[in-house]
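Open the model in a viewer with the sequence panel beside it. The stops below are given in the order in which to select them.

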Amino acid sequence: MAIYKIFPEKDATLYSAFPDQNTGLDSILESSTTFLPDSPEASRFVIKFSSTEIDDIITNKISGSVTDITGTLDPASGEFSSSLRCFIADISGLSTDTTLEIFPLAEPWNMGRGKYLDDPKTEDGCSWKWRLSSGSGQWSTSAFGVYITSSYPTANPGGGVWYTGSATLDPTQTQTFNYSSDKDINSDVSNAIRLINSGTINNEGFIIKQSSSTEFQSVKSDVANIKFFSIDTNTIYPPQLEFKWRDFIIDFDNNYTQISADSNGSYFKLYMNGLEPERYYKIIIKTTIDDQVLVLDDDYYFKIING
């Protein structure tokens with residue numbers, strides 16, 4: 001088994017209520033709706049992972065890594081899944097199902113150096129209206145390329161530009177939250193990553209937004225505020241792009257995290273680059289014997305340190 005995580009190179013939230021405001025250094029990413037009877041508002045967030053890191057993982061770590069017990073390359077070599085993971089910081093108003101949509105962005109953008117409600121506001125970097133900075137590089141609102149679109153109130157254009165699902169491309173994902181569900185984003189973006197890796201679409205990152213049916217709510221009871229930790233958080237929960245693949249095939253029921261084996265015994269690989277430094281981690285092993293699940297916790301700890 002193999003699991004590898006990378007962290008964003010940039011992220012920011014776009015607020016329709018503050019169309020020129022940059023939030024590139026804020027510790028929170030937000031996909032929320034705001035109840036204002038005369039002008040309901042919404043927020044979306046954008047996030048990008050390094051093309052160099054994505055290509056390196058797929059080309060040098062995943063491709064050709066799957067072998068059978070004899071060491072022969074398996075036809076499954078190169079198969080993988082990748083998931084966007086964002087960790088909840090705060091949530092309110094979630095009384096009904098709320099769906100977040102995840103699309104690959106179609107235009108480049110600058111992260112900037114602003115924070116939410118800076119006074120004076122920071123306009124250096126992307127915002128609801130601008131991709132690059134205030135007055136420079138407006139998000140496209142018409143004449144889109146093939147399979148590219150956006151959505152916004154007529155009086156307040158902007159909010160990003162993204163690739164949509166189609167018969168040719170299938171890069172989009174959704175995740176629905178309700179009162180009792182897990183509130184973290186854990187969404188399979190494998191198709192989008194494959195399209196990026198193949199050069200079919202450019203890597204401009206992802207945009208995460210509430211569905212069109214719930215954005216810009218004028219009904220107070222339907223408003224949902226959903227906030228996640230950003231790359232600038234001081235917690236251990238920054239966003240991640242997580243890759244999983246088999247580096248050794250044995251007929252276990254569980255995919256990706258099973259223990260590997262060869263003629264010398266059992267083993268697993270753990271790539272340290274995907275772990276936060278100056279943190280302690282524990283290894284726990286789960287096994288199934290005669291339909292009985294056993295969790296073995298022998299206090300195996302290790303620590304990642306800065307070199």
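In this tour a residue is called buried when its relative accessible area is under 20%, exposed when that area is over 50%, and partly exposed in between. The coordinates are those of a predicted model.

**Whole chain**

Start with the protein chain in cartoon view, where two helices and 21 strands are assigned. Of its 307 residues, 42% count as buried. Take the contacts between residues at least 6 apart in sequence: 71% of them join residues at least 24 apart.

**Helix α2**

Select residues 190–198, which form helix α2. Show side chains for Ser190, Ala192, Ile193, Leu195 and Ile196, the buried residues of this helix. Then colour what these buried residues pack against: helix α1 (51–62) and the strands β6 (81–86), β8 (98–104), β14 (185–188), β15 (206–210) and β17 (240–245). Step past the end of the helix to Gly199, where phi is positive, near 85 degrees.

**The largest nonpolar core**

Nonpolar side chains tend to be buried together in soluble globular proteins. The largest nonpolar core here has 49 residues. Which of them touch the most other members? Select Ile185, Ile193, Ile208 and Phe243.

Centre on Phe243 and show its contacts, leaving out residues up to four places away in sequence. On the list are Ala2, Ile3, Tyr4 and Ile6, then Ile54, Ile57, Ile58 and Ile62. Phe80, Ser81, Ser82 and Ile193 complete the list. Ile193 is also one of the buried residues of α2.

**Phe45**

Next, go to Phe45 in strand β5. Is this side chain's residue buried or exposed? Phe45 is buried, because its relative accessible area is 0%, and the limit for that class is under 20%.

Beyond four places in sequence, Phe45 touches Ala12, Thr13, Leu29, Glu30 and Ser31. Its other contacts are Cys86, Ile185, Phe206, Ile207, Ile208 and Phe228. Ile185 and Ile208 are among the core members picked out above for touching the most others. Draw a distance from Phe45 to Phe206: the C-alpha atoms are separated by 8.3 Å, and the two residues are 161 residues apart along the chain.

**Cysteines**

From Phe45, move to its contact Cys86. Cys86 counts as buried, at 0% relative accessibility. Select Cys126 as well, which is buried with a relative accessible area of 0%. How many disulfides are there? The count comes to zero, with a disulfide taken as a pair of cysteine sulfur atoms within 2.5 Å.

**The second largest pocket**

Now switch on a surface and look for the second largest pocket, with a volume of about 170 Å³. Its lining has 14 residues, and those nearest the centre are Tyr15, Phe18, Glu30, Thr34 and Tyr116. Glu30 has already appeared as a contact of Phe45. Colour the lining by class to find six nonpolar, five polar and three charged residues.

Which strands each supply at least two residues of this lining? They are β5 (41–48) and β16 (225–229). β5 gives the most, with three residues.

**Loops**

Finish with four loop residues. Tyr179 sits between β13 (173–177) and β14. With a relative accessibility of 72%, Tyr179 counts as exposed. Its C-alpha is 7.7 Å from that of Asp97, and the two are 82 residues apart in sequence.

Pro120 is in the loop between β8 and β9 (130–133). Look at the peptide bond from Asp119 to Pro120: the bond is cis, with omega about 5 degrees.

The loop between β10 (136–138) and β11 (148–149) holds Ala143, and Tyr147 is placed in the loop between β10 and β11 as well. Ala143 has a positive phi of about 55 degrees although it is not a glycine. Tyr147, not a glycine either, has a positive phi of about 65 degrees. On accessibility, Ala143 is exposed at 81%, whereas Tyr147 is partly exposed at 32%.

How values were computed
Residues are numbered from 1 along each chain as its sequence is written. This is a predicted model: local features need pLDDT of at least 70, side-chain atom pairs count only at pLDDT 80 or more; totals for chains, interfaces and linings use all residues. Side-chain values use heavy atoms; hydrogens and water are left out. A nonpolar core is a set of buried Ala, Val, Leu, Ile, Met, Phe, Trp, Tyr and Cys residues joined through side-chain atoms within 4.5 Å. Buried means under 20% relative accessible area, exposed over 50%, partly exposed in between (1.4 Å probe, protein chains only). Contact means heavy atoms within 4.5 Å. On a 1 Å grid over the protein atoms alone, a cavity is a set of points where a 1.4 Å probe fits but cannot get out, and a pocket is an open set with protein on both sides within 12 Å along at least five of seven lines; lining residues have an atom within 4 Å of a point. Grid points are joined across faces, edges and corners, and a volume is the space filled by probe spheres set on the points. Helices (H or I, at least four residues) and strands (E, at least two) are DSSP runs, numbered from the N terminus. Ala, Val, Leu, Ile, Met, Phe, Trp, Tyr, Cys and Pro count as nonpolar, Asp, Glu, Lys and Arg as charged, and the others, Gly among them, as polar.
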